[in-house]
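Colleague: I'm new to this structure and would like a close look at one part of it. Please take me slowly through the strand pairing, and then show me how the rest fits around that.

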Amino acid sequence: MKYMLIMRSNDAAVEAYENLDFTEVIAAMGAYNESLIKAGVLLAGEGLTDAKEGFVVDFDSTPPVVTDGPYGETKELFNGFWIIQASSPEEAAEWAKRCPLGPGSKLEVRRITELEDFPQDNEWIQKEAGWRAEAEGKLGTPAE
Amino acid sequence: MNETDAPGTVGSAPADADRARRAVAAVWRIESARIVATLTRFVGDVGQAEDLAQEALVEALRQWPVEGVPNNPGAWLTAVAKRRAIDGWRRRERLDERYAAMAHDLERDGAAASDTFWDPDTIDDDILRLIFVSCHPVLSREAQIALTLRIVGGLSSEEIARAFLVPTATIQQRIVRAKKTLAAAKVPFEVPEPNEYAARLASVLQVLYLIFNEGYLPATGEAWVRPDVSAEALRLARMVAGLMRREPEAQSLVALMEFTASRFAARTGRDGTPISLDEQDRSRWDRSQIARGSEALERADRVGRGRGAYGLQAAIAECHAVAASVDDTDWARIVVLYEALGRLAPSPVVDLNRAVAVAMSTGPASALRIVDELVQGGRLAGYAPLPAVRGELLRRLGRTGEARGELETAVRLTGNEQERASLLAKIAGLAASPESGTD
């Protein structure tokens with residue numbers, strides 16, 4: 001099974017993070033990623049740039065409205081993810097707990113759907129399989 | 001996750017016990033290799049180390065539901081196991097100076113050892129030793145597989161038994177026997193010497209590939225209860241490749257497995273019947289897995305020592321994986337790769353596969369010459385794919401009568417129902433349009 005570890009932090013955590021020694025942060029995350037790689041479980045992972053660079057496409061109205069950040073009422077910003085292979089939700093939780101994050105940060109752990117999770121005779125499921133084929137594997141493992 | 005995995009909450013309902021058991025199992029899967037490796041260094045014997053680790057696991061199942069999971073569960077398990085070892089020596093009155101020193105260190109460091117408990121460099125080397133010992137040539141292949149899954153992979157005997165569709169007692173016996181054999185042969189806890197390194201590495205990779213292929217077997221009625229043993233083999237292969245960055249074949253094995261596994265979803269029909277490569281719905285291949293395979297093969301190539309048997313097989317698998325269709329496949333390249341593979345690891349099956357690739361790249365006539373040599377060689381007598389391929393080549397050459405004979409031979413030889421149906425359809429096609437096959 002594949003799980004996505006979704007990293008979210010509130011404003012205070014992001015601020016605290018910015019005041020930390022950058023090399024220490026990098027070293028701690030590097031060691032965590034290394035432990036995932038050495039256990040053979042890391043399938044993909046990316047960190048996101050500052051939310052100020054992002055924007056929001058809001059579907060409350062038709063057509064959807066594009067707005068700059070900040071994210072309105074959102075108090076926790078999505079700022080990175082890992083995809084890992086784990087044999088149980090408990091194993092995914094155990095890996096998540098080892099992530100070097102502090103107060104104000106959360107990891108949401110979600111199992112990734114496999115095509116088998118859906119009825120295979122649905123026309124749209126078949127089409128999605130086609131789109132996935134065209135997407136040409138954008139989620140490779142991060143470079144070492 | 002507090003509600004779901006902190007078993008410190010009061011209550012002994014079966015659900016709580018089960019929750020605790022799963023939390024312990026999760027830690028064990030992540031930590032078992034490091035724990036057993038560390039303990040082997042401590043007691044000097046893999047079998048004893050594994051027994052001690054299992055005792056610590058039992059202790060965890062007793063304590064964690066009550067006291068909660070410790071901050072560093074791997075260190076906790078190791079410390080408990082070490083204390084057990086020392087208790088054992090004490091009982092046998094063998095607490096000489098060396099063990100007294102160890103006991104002293106242990107008491108000083110405490111059970112709740114700090115985060116610096118694992119020295120990354122030492123532990124990597126110890127895990128590598130553990131892998132080599134698990135796949136040691138004094139063990140039977142079956143024992144190597146069971147021991148590797150148990151002590152490196154962290155699977156329970158029950159899980160291994162389910163994966164291989166054998167009784168749990170059989171796996172337990174294999175593991176007990178394997179431990180006794182390692183002790184009897186005085187197998188050292190060491191990485192092999194340079195003069196035997198290549199052969200020992202080949203053994204490790206072969207064990208992992210056999211485990212992987214076990215999961216790739218066509219689905220049976222019981223398939224749905226089998227743990228994903230191929231995924232576990234792939235995880236272990238990534239682990240080995242991570243420990244041996246300079247070994248191209250270790251990287252290549254990962255690549256080969258990733259490419260093969262990328263086709264898992266497409267390999268059977270809805271009713272479980274196997275679908276051959278050329279008839280698979282390629283939109284169901286896992287593209288991110290293919291990308292990981294290509295990256296692993298690139299890592300192998302970057303070492304700069306050329307491609308071995310796994311590297312060549314991975315490269316062939318990559319040709320298929322990146323092709324949009326059978327026609328779009330780079331068959332000329334596959335022919336060259338099969339030629340190289342055939343020289344490195346000569347096998348009539350490789351030659352037959354090469355013949356198929358030749359037929360696709362330059363046409364059936366030159367492929368038929370290769371197949372005819374194989375027929376004369378006689379080493380594939382009774383092997384259904386040989387007449388099946390020969391029949392198909394003859395059909396394409398318009399030699400319908402001979403094609404029919406070969407395809408009928410293949411029907412008699414094959415044990416696979418799907419294959420038989422496809423051959424019979426081909427024979428029926430011959431009758432319908434006797435002179436059509438001239439491509």
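Modeller: Let's start with two strands of chain A: β2(A) and β5(A) pair in the antiparallel sense, over five bridges. Keep in mind throughout that this is a predicted model. For one rung of that pairing, look at E46(A), whose bridge partner in β5(A) is F81(A).

Now look at the other pairing of β5(A). Strand β1 (residues 2–10) of chain A is joined to β5 (residues 76–85) of chain A by nine bridges, and these two run antiparallel. Two rungs make it easy to trace: Y3(A) has I84(A) as its bridge partner in β5(A), while R8(A) stands opposite F78(A) in β5(A). As you follow the strands along, it helps to know that side chains in a regular strand alternate between the two faces of the sheet.

Put together, the picture is an open sheet of four strands in chain A, in the order β2-β5-β1-β6, with antiparallel pairing. Which strands stand at the edges? They are β2 (42–47) and β6 (105–111) of chain A; each has a single partner strand, so one side of each is left without a neighbour in the sheet. On average, neighbouring strands here are turned by 20° against each other, if you ignore direction.

The sheet also has a helix to look for. Helix α2 (residues 22–38) of chain A lies across β2 and β5 of chain A, and runs at about 160° to β2(A). That brings us back to the two strands we began with, β2(A) and β5(A), with their five bridges.

Chain A has another strand pair worth a stop. A hairpin joins β3(A) to β4(A) through six residues. The two strands run antiparallel and are held in register by four bridges; on one rung, F55(A) stands opposite D68(A) in β4(A). The loop between β3 (55–58) and β4 (65–68) is also the place of P63(A). Is the peptide bond from T62(A) to P63(A) cis or trans? It's cis, with omega near -5°. That deserves a second look, because most peptide bonds are trans.

Chain B makes a good contrast for your eye. Its secondary structure comes to 20 helices and zero strands. Of its 439 residues, 41% count as buried. Among the contacts in chain B with a separation of 6 or more, 63% are between residues 24 or more positions apart.

Take one helix there, α4 (residues 73–91) of chain B. Its 19 residues reach 27 Å from the first C-alpha to the last, close to the 27 Å expected at 1.5 Å a residue. Buried residues of α4(B) include W76(B), L77(B), V80(B) and A85(B). When you look down a helix like this, remember that an α-helix has 3.6 residues a turn, so residues three or four places apart point the same way.

The domain assignment splits chain B into domain 1 (1–118), domain 2 (135–185) and domain 3 (198–314). Between the last two of these, 14 residues of domain 2 are in contact with 13 residues of domain 3. On the domain 2 side, α7 (141–152) and α8 of chain B each supply at least two residues. Helix α7(B) gives the most, with five. By class, that side has nine nonpolar, three polar and two charged residues.

To finish, here are a few loop residues in chain B. L165(B) is found in the loop between α8 (157–164) and α9 (168–184), and its phi is near 55°, a positive value in a residue other than glycine. It has 13 C-beta neighbours inside 10 Å, so L165(B) counts as partly exposed. Further along, K186(B) lies in the loop between α9 and α10 (194–216). K186(B) also has a positive phi, of about 50°, although it is not a glycine. How many C-beta neighbours does K186(B) have inside 10 Å? There are 8, so K186(B) counts as exposed. Both phi values catch the eye because most residues other than glycine have a negative phi.

Last comes G306(B), in the loop between α13 (287–303) and α14 (309–321) of chain B. With 12 other C-beta atoms within 10 Å, G306(B) is exposed. Its C-alpha atom is separated by 7.7 Å from that of P248(B), although the two are 58 residues apart along the chain.

Key. Residues numbered from 1 in each chain as written. Chains lettered and ligands numbered in written order. Predicted model: local features only at pLDDT ≥ 70, side-chain atom pairs only at ≥ 80, totals over all residues. Buried ≥ 20, exposed ≤ 12 C-beta atoms within 10 Å, placed from the backbone. Domains from an automatic or database assignment. Contact = placed C-beta atoms within 7 Å. Nonpolar A, V, L, I, M, F, W, Y, C, P; charged D, E, K, R; others polar. Pairing = 2+ DSSP bridges. Axes fitted to C-alpha atoms, helices over the stretch in contact; angles between N-to-C directions. Expected span 1.5 Å × (residues − 1).
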